[in-house]
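The following dialogue sets computed values against the definitions behind them. Please examine the sequence and structure before reading on.

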Amino acid sequence: IDKRSRAKVYEFIGNEEYEFGDISREVENRRREWVKDFLGEEAAANYQFGDITKKALTGFTGKDEYEFGDVTKKLMGDLFGKRKRGGK
């Protein structure tokens, strides 16, 4: 088990010598790359907590700015179609 665990750690961190914190640094590096790929390089450089959620919501709702209830409206519209107003 020890050999397999060491091999997996070395494979993950890309180094034959493990130092305390190497796994955390590798996770952070991979997170940064993922954010850059998902948001784009400029947006990733200015990333703030919540940017990914905001992008996902705007992609889902089709609106540039999220307002309370947008997700529910989108889901209900997709499930039941557009509501007719005025009894028509």
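Q: What makes up the protein in terms of helices and strands?
A: The protein has five helices and zero strands. Helices (H or I, at least four residues) and strands (E, at least two) are DSSP runs, numbered from the N terminus. This is a predicted model, in which local features need pLDDT of at least 70, side-chain atom pairs count only at pLDDT 80 or more, and totals for chains, interfaces and linings use all residues. Residues are numbered from 1 along each chain as its sequence is written, and side-chain values use heavy atoms, with hydrogens and water left out.

Q: Why is H1 called oblique to H2?
A: The axes of H1 (residues 2-13) and H2 (residues 22-39) come within 9 Å and cross at roughly 40°. Angles under 35 degrees count as roughly parallel, over 145 as roughly antiparallel, 65 to 115 as roughly perpendicular and the rest as oblique. Therefore H1 is oblique to H2.

Q: Which residues of H1 and H2 meet?
A: Val9, Phe12 and Ile13 in H1 meet Asp22, Ile23, Glu26, Val27 and Arg30 in H2, where contact means heavy atoms within 4.5 Å.

Q: How does the radius of gyration of the protein stand against that of a compact globule of 88 residues?
A: The protein has 22 Å, whereas such a globule would have a value near 12 Å. The radius is taken over C-alpha atoms, and the globule rule is 2.2 Å times the number of residues to the power 0.38.

Q: What percentage of the 88 residues counts as buried?
A: The share is 10%, where buried means under 20% relative accessible area, exposed over 50% and partly exposed in between (1.4 Å probe, protein chains only).

Definitions and conventions: Axes fitted to C-alpha atoms, helices over the stretch in contact; angles between N-to-C directions.
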